[in-house]
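Hi,

Here is the structure I promised to pass on. Have a look at it first, and my notes follow below.

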Amino acid sequence: MAGPKARMSAADIEAAEWHGRLGGRNVDARMIEDFFTWRQSPENAEAYRRVETVWSGTGKLAADPQVNEALEAAFSRRTQRRRPPRLLLGLAAVSAAAALAGGFSFWLQSRTVFSTGVGEERLVQLADGSSVRLDTASRVKVRFDGGRRFIELQEGQAFFTVAHDASRPFVVAAGDARVTALGTVFDVRREAAGVTVVLVSGAVEVADKAGAAKRMTAGQQARVTKAGVATRAADVDVETGWIDGRIVLRDAPLRAAVAEVNRYLPEKIVLDETVTGRASVNGVFRTGDRDAFVSTATEVFDLKASAGPGGTIVLTGRSE
């Protein structure tokens with residue numbers, strides 16, 4: 001059995017570093033692309049799987065004396081160069097795994113819930129190599145087993161990058177919708193009126209509660225309501241701009257635009273009922289940037305902004 005001084009490979013160290021980076025808040029599309037390029041190597045993919053598995057499992061084994069001893073030994077050998085706390089624990093966890101060869105086995109995120117608050121986003125790396133990026137005020141429940149990878153989008157919106165595994169379909173349930181994929185990239189948004197699926201790449205099958213299904217191709221959008229499944233061409237940039245922190249509005253009615261911006265704001269914008277008309281909004285705004293949207297709306301649509309109750313901003317017509 002390997003002792004606590006078992007050496008970590010370069011792949012293990014790089015895997016722990018990637019785990020630390022992807023767990024941070026400043027994660028963009030380029031970083032994700034670089035990560036998947038790095039993980040194409042079988043050695044790197046296996047090293048990352050070990051880090052994710054141990055990261056999930058070590059919390060459950062905090063009271064185990066062997067784990068504590070191995071973690072202590074790993075921390076005592078760390079270099080003088082300071083690393084982020086998550087990365088230090090990730091490296092220590094890899095050392096602990098080497099010290100406990102054959103001792104424990106974990107199944108990462110086999111039954112786990114992840115969520116975000118208003119204005120928050122979160123990237124979750126799954127044990128199979130897939131990833132889920134949660135938008136504002138969203139919640140998913142993950143359950144993996146030997147024959148299926150199952151995710152329930154309980155509320156909000158999520159962007160899925162699915163690792164190919166022909167033996168285990170990747171299924172996302174959201175309300176009455178079921179999305180089945182093997183290896184692809186797609187976005188799912190759940191609202192009271194229905195579920196919207198936007199396919200970025202690959203192919204998926206979207207089914208409604210009755211089992212009626214349609215196969216989507218890249219660049220398509222499916223809308224699942226009580227009336228069934230309807231597909232059409234999608235404006236992918238608009239629908240997935242949120243993953244880069246952008247709200248892209250194209251010919252959006254003013255009231256709909258306000259509702260979209262409000263999804264990211266704890267203190268909302270209130271559009272007075274007297275503001276009418278068919279004015280539409282075109283533009284790109286940063287998620288959570290209330291001031292920029294209010295400034296644009298007041299200038300373009302000749303509105304007046306005033307402080308409302310609870311920190312809200314009320315938009316009214318100039319004559320009000």
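Before the ring count, the rule behind it: rings of Phe, Tyr and Trp (for Trp, the six-membered ring) pair if their centres lie within 6.5 Å, with planes under 30 degrees apart called stacked, over 60 edge-to-face, and the rest tilted. By this rule the count comes to three aromatic pairs. Keep in mind that this is a predicted model.

One of the pairs is F160 with F170, which sit edge-to-face at 6.1 Å centre to centre, with 70° between the planes. The two rings come from distant parts of the chain: F160 belongs to strand β5 (residues 149–161) and F170 to strand β6 (residues 170–174), ten residues apart. Buried or exposed, you may ask, is F160? F160 has a relative accessible area of 0%, so it is buried. F170 is also at 0% relative accessibility and therefore counts as buried.

F160 has a second partner, F186, and that pair is stacked, at 5.1 Å centre to centre and 20° between the planes. Here too the pair ties together distant parts of the chain, with F160 in strand β5 and F186 in strand β8 (residues 185–191), 26 residues apart. F186 is buried because its relative accessible area is 0%. Put together, the ring pairs link F160, F170 and F186 into a cluster.

There is also a charge over a ring: R168 lies over the face of F144, 5.8 Å from the ring centre.

Another spot to check is N44, in helix α3 (residues 42–58). With a relative accessibility of 11%, under the 20% cut-off, N44 counts as buried. Where does the side chain of N44 reach? It goes to the backbone oxygen of W38, at 2.9 Å. Setting aside neighbours within four places in sequence, N44 is in contact with A11, E14, W38 and R39.

As for the whole chain, its secondary structure comes to eight helices and 18 strands. Of the 320 residues in the protein chain, 45% are buried. The protein chain exposes about 16,300 Å², and carbon and sulfur atoms supply 50% of that. Taking contacts between residues at least 6 apart in sequence, 48% join residues at least 24 apart.

If you open just one view, I'd go for the F160, F170 and F186 cluster.

Cheers

Note on methods: Residues numbered from 1 in each chain as written. Predicted model: local features only at pLDDT ≥ 70, side-chain atom pairs only at ≥ 80, totals over all residues. Heavy atoms only, no water. Helix = DSSP H or I, 4+ residues; strand = E, 2+ residues; numbered from the N terminus. Buried < 20%, exposed > 50% of the residue type's maximum accessible area, 1.4 Å probe, protein only. Lys NZ or Arg CZ within 6 Å of the ring centre and 35° of its normal. Contact = heavy atoms within 4.5 Å. Areas by Shrake-Rupley, 256 points an atom, 1.4 Å probe, with all protein chains shown as cover. Polar contact = N/O pair within 3.5 Å; in protein donor to acceptor, adjacent residues only side chain to side chain.
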